[in-house]
Amino acid sequence: MILKRREKPPLWVRVREFIAPRKGILRGVDYLSKRMRRLPDSPHRIALGFACGAFASFTPFFGFHFFVAAGIAWLLRGNIIASLFGTAVGNPLSFPLISTTSLFVGSWMLGRGESGSTFEAVTDAFAEGFKSIWATTKSWFGYGPSMLDGLMQFFDDVFLPYLVGGIVPGLVAGLIFYVILLPIVSAYQNRRRKKLAETKRRLDSVAAGGSPVLDEVAGD
């Protein structure tokens, strides 16, 4: 291949580029925004789809945010591809704030007072919860003891408050992204349509035997 690297970079360089790209996270954000704006759909559906993905990021269904976002977007008639992009709102930089906020709000809404949980405590709780799910599932087939009691405690102490508490900030985040993205996508599509129309006009002029430059002068 012409564009293929002549020498493959060392493994440590590839790992470093994956964890901390030289051009920074802004390059990924810029690429993501361009891909989303070019989706062949209305600005409303694209912005709504992204908002659904942002909302899904505030749910405790880790590992299933894509499916949650796509399901909500399908129900609300939003763009499903844009909803997958919207799940990028939940990332290693934002999850500490999302998880602690959701758990705090959920504990307050359920009348349990302040949760007092840190992001590390939340991640430990989810790790124990997944471990309980796996152990309980294996026990159904005769492998090891069940951890159903621990699973129920995890659901009551962490999962339920997180689920309830993520609704309000998730809706707020979704609304904010919808309001921001709707005019941006609309302006981009209008500008793109004008450029395509101008290009088509020039090509039609050339095909008809005219000169785009002379046509512009004559039009003036």
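The buried residues of helix α3 are Pro43, Ile46, Ala47, Leu48, Gly49, Phe50, Ala51, Cys52, Gly53, Ala54, Phe55 and Ala56. In this predicted model, α3 spans residues 43-56, and burial extends to twelve of its 14 residues, so that the helix is mostly covered. From the first C-alpha to the last, α3 reaches 20 Å, close to the 20 Å expected at 1.5 Å a residue.

The chain as a whole contains ten helices and zero strands. Read along the sequence, its pattern is accordingly α-α-α-α-α-α-α-α-α-α. Of the 220 residues of the chain, 31% count as buried. With regard to contacts in the chain between residues at least 6 apart in sequence, 65% join residues at least 24 apart.

Contacts to α3 were examined from the side of isoleucine 72, a residue of helix α4 (residues 65-76). When neighbours within four places in sequence are left aside, isoleucine 72 is in contact with Cys52 and Phe55. Both Cys52 and Phe55 belong to the buried residues of α3. Isoleucine 72 itself has a relative accessibility of 22% and counts as partly exposed, because the buried class is restricted to values under 20%. A further spatial relation links isoleucine 72 to leucine 48: these residues are 24 positions apart along the chain, and their C-alpha atoms are separated by 10.0 Å. Leucine 48 is likewise among the buried residues of α3.

The packing of helices α6 and α8 was considered next. Two packed helices are described by the angle between their axes and the distance between the axes. For α6 (residues 95-109) and α8 (residues 148-165), the axes come within 7 Å and cross at roughly 95°. The two helices are therefore roughly perpendicular to each other, since crossing angles of 65 to 115 degrees fall in that class. On the α6 side, the contact is made by Ile98, Ser99, Ser102, Leu103, Val105, Gly106, Ser107 and Met109. These residues meet Asp157, Val158, Pro161, Tyr162, Val164 and Gly165 of α8. By residue class, the contact of α6 with α8 comprises eight nonpolar, five polar and one charged. The charged class includes Asp, and Asp157 is one of the α8 residues in the contact.

The structure holds two salt bridges. In one of them, glutamate 198 pairs with arginine 201, and the closest N and O atoms are 2.9 Å apart. Glutamate 198 and arginine 201 both lie in helix α9 (residues 167-207), where a spacing of three residues corresponds to about one turn of the helix. Glutamate 198 also forms a salt bridge with arginine 202, for which the closest N and O atoms are 3.2 Å apart. Glutamate 198 and arginine 202 are four residues apart in α9 and are thus separated by about one helical turn.

Glu198, Arg201 and Arg202 are consequently linked in a network of salt bridges. The members of this network are partly exposed: glutamate 198 has a relative accessible area of 31%, arginine 201 has a relative accessible area of 36%, and arginine 202 has a relative accessibility of 33%. These values fall between the limits of under 20% for buried residues and over 50% for exposed residues.

Note on methods:
Residues are numbered from 1 along each chain as its sequence is written. This is a predicted model: local features need pLDDT of at least 70, side-chain atom pairs count only at pLDDT 80 or more; totals for chains, interfaces and linings use all residues. Side-chain values use heavy atoms; hydrogens and water are left out. Axes are lines fitted to C-alpha atoms, for helices over the stretch in contact, and angles run from 0 to 180 degrees between N-to-C directions. Angles under 35 degrees count as roughly parallel, over 145 as roughly antiparallel, 65 to 115 as roughly perpendicular and the rest as oblique. Contact means heavy atoms within 4.5 Å. The expected span of a helix is 1.5 Å times one less than its number of residues. Buried means under 20% relative accessible area, exposed over 50%, partly exposed in between (1.4 Å probe, protein chains only). A salt bridge is a side-chain nitrogen of Lys or Arg within 4 Å of a carboxyl oxygen of Asp or Glu.
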